[in-house]
Amino acid sequence: MTATAMEQDGYNLRLYVAGQTPKSLAALANLKKLCETHLPGRYTIEVIDLMKDPALAQRDQIVAIPTLIRQLPEPLKRIIGDLSNAEKVLVGLDIAPS
Amino acid sequence: MAAKDALQAARPRNEAEETVEAIHRGNVDAVVVQGPGGPQVIMLQGADAPYHVLVERMSDGALTLDADGSIVYVNSRLCALTGLDAQQLVGRTFAELFAGPVPQQRADDAASDAQLCRSDGSDLPVSVWMRQMAMGGVVATLVTLTDMSIQRRAEEVANAERFARSILEQATDAVVVLAPDGRITHASWVAEQLAERSPVGQLFSEAFPLHAQSANQEGTLTRFSRESLDRALATKPFHGVEVRLRDERMSGRSFLLSGGPLVNDAKETVGSIVTLTDITDRKRAEEQQTVLVAELNHRVKNILAIVQSVAGQTLRTSPSLPAFNKAFSGRIQAVSIAHDILTQTRWIGIGFNELLTTVLAPYGVGEGRISIEGPPVLLEARLVLPLSMVLHELATNASKYGALSAPFGQVTISWQLCDDRRRLELVWLERGGPPIEGNGSRGFGTTLIDRVVRFDLDGEADLAFAREGIRCTLRFALSAEAMPEQVPASAVQPD
């Protein structure tokens, strides 16, 4: 996918985790599964471990872990939790179920 | 517009509500709070379960200390290392764990060595890593302890191996270590040199194919097939079997084969140590010594026979005891001089010129009365004693009755090689002495000369008593090729 296409259609997602906590691991697994199902080839996921650098929490004002941030497409959206409720995640990210 | 503003105002509240709800529902397992040094991650209960499992399963001991240095957590490995359970350990001070110095956190984040006290009273060498860290506003110290006893043991084994290796390297014998199946596991430097190729990994019989040195020891070796020899060497003591290696490079060399069991700490035989000692030089020395002793016995017997014979004959021909004493002493002196020459030349032989000079020294050989002339000849050792006795008789006779008894008498000794250098002809010519009347005197001296030259020198003596002086011609063999083994003629009693 080209940069233009990414800007038009792509989802730029950022997942904040705390090491290998159960909810962090679950959130990452759920997110990957969901993206592969609904956004194949149209997403990027950046995983940020706040155990290694807690200061990064300030960038997106993270208060709970795990937290998913939708960077793109705008506007910025955030979903807190282990992303186990797929329907809620799809609604939260404005993704139409395929 | 108002509705949009209301939505905007409602947004942060919804996020906050969502966060609280997520925490409440257990959908999050950590929260970020603002600490004095910036954001801090606080784990909620249960969130560290995977870490806990990992820590409990790790092979190192682990513990956590509170700010006062008291133990608040230990993993199961630390319990195993100390021999105490977690309840006994939690609440103790860190220092109580150790015999000797208490380890401290190091600035370079490295571990330090310490001795961990065990419940049975023994100490365990451990490597201790420590780090102090703030956890949710509380200062704690995380510690791991690594059991170094296995590593120490491995180091000790490695050191012992190096030590044994250096002994093997320095050994002057060929030393090999055999496994119970007869294969060589270690070989000394000398053993490496003896074998055609590196013996390690080979059966002993392959690396060192053997012949027994003697027939009865051949039985010892042939009792075993090649395979059973390897097994026997690997498990049974073997002492002092003389062998030779079949390797052509080692032909002519003799070895002493010995072996003994190699026993481990549990007193089990785990193989054997076999040595091949090169005894070639020792055997040669022994053989030489045997030959020398036999030769010495032979010569001593000959000398005693000569002395006995000379004494008897001198007594028979001496008119008085003082005359006997003088004649006997002179003859024994000749024997003695001959033996001095043989000893000094290590029984190898002597130049004829040198023999003449030495034997005739008491009669003025260096003073112009006796002149010597002839080609260089090396005499064999066996010729030294008889020639010395003959020359002594001639010189004694000359000094008593012949040329050397007169002030201006002269003795000329000349010789030449004949019969293709195999024989020597010597002429003893006296001039200027008192005139000889008649046919000369045939006493013991002339008998001795005649017999010695004939039997000991395989030659002949011709004594001519001319009026102007004696002329004695000796012809004898230089080499012992045709000489039969016999008692010296000088020891034979005259008829």
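Student: What area is buried between chain B and chain A?

Tutor: About 1,800 Å² is buried between the two chains, and carbon and sulfur atoms give 59% of that. Buried area is the accessible area (1.4 Å probe) that two parts lose on being put together, summed over both. Interface size is often given in this way, as the accessible area lost when the parts come together.

Student: What should I know about the model itself?

Tutor: This is a predicted model: local features need pLDDT of at least 70, side-chain atom pairs count only at pLDDT 80 or more, and totals for chains, interfaces and linings use all residues. Residues are numbered from 1 along each chain as its sequence is written, chains are lettered from A and ligands numbered from 1 in the order in which they are written, and side-chain values use heavy atoms, with hydrogens and water left out.

Student: Which three residues supply more of the area that chain B buries against chain A than any other three?

Tutor: They are Asp29(B), Val32(B) and Pro39(B), with 26% of it. As for contacts (heavy atoms within 4.5 Å), 21 residues of chain B touch 25 residues of chain A.

Student: How many salt bridges and polar contacts are there between chain B and chain A?

Tutor: Zero salt bridges. That would take a side-chain nitrogen of Lys or Arg within 4 Å of a carboxyl oxygen of Asp or Glu. Seven residue pairs are in polar contact, both residues at pLDDT 80 or more. A polar contact is a pair of N or O atoms within 3.5 Å; within protein, one must be able to donate a hydrogen and the other to accept it, and residues adjacent in sequence count only if both atoms are side-chain atoms.

Student: Which elements give two or more residues to the side of chain B that touches chain A?

Tutor: Helix H1 (2-25), strand E1 (30-35), strand E2 (38-43) and helix H2 (49-57) of chain B. H1(B) gives the most, five residues. Helices (H or I, at least four residues) and strands (E, at least two) are DSSP runs, numbered from the N terminus.

Student: Why is Thr82(B) called buried?

Tutor: Its relative accessible area is 1%. Buried means under 20%, exposed over 50%, and partly exposed in between (1.4 Å probe, protein chains only). At 1%, Thr82(B) is therefore buried. Thr82(B) sits in helix H3 (residues 76-82) of chain B. Beyond neighbours within four places in sequence, its contacts include Leu89(B), Leu97(B) and Leu116(B).

Student: What lies 3.2 Å from a polar atom of the side chain of Thr82(B)?

Tutor: The backbone nitrogen of Leu84(B).

Student: What makes Leu304(B) count as exposed?

Tutor: Its relative accessibility is 56%, which is over 50%, so Leu304(B) counts as exposed. Leu304(B) belongs to helix H10 (residues 280-317) of chain B.

Student: Which residues form a nonpolar patch with Leu304(B)?

Tutor: Leu296(B) and Val300(B). Patches are made of residues with over 30% relative accessible area and no salt bridge: like charges are joined within 9 Å, nonpolar side chains (Val, Leu, Ile, Met, Phe, Trp, Tyr) within 5 Å. Together the three residues have about 290 Å² of accessible area, by the Shrake-Rupley method with a 1.4 Å probe; for residues, only the protein chains shown count as cover.

Student: Why is Glu192(B) called partly exposed?

Tutor: Glu192(B) has 27% relative accessibility, between the two cut-offs, so it is partly exposed. Its place is in helix H6 (residues 189-194) of chain B.

Student: What is notable about the phi of Lys267(B)?

Tutor: Phi is positive, about 65°, although Lys267(B) is not a glycine. Lys267(B) lies in the loop between strand E13 (255-263) and strand E14 (269-278) of chain B. Its relative accessible area is 71%, over the cut-off, so Lys267(B) is exposed.

Student: And what is the phi of Asp458(B)?

Tutor: About 55°, positive again in a residue that is not a glycine. With a relative accessible area of 30%, Asp458(B) is partly exposed.

Student: Where are cis peptide bonds in chain A?

Tutor: One joins Ile65(A) and Pro66(A), with omega about 5°. Another joins Leu72(A) and Pro73(A), with omega about -5°. Pro66(A) is in the loop between strand E3 (64-65) and strand E4 (67-72) of chain A.
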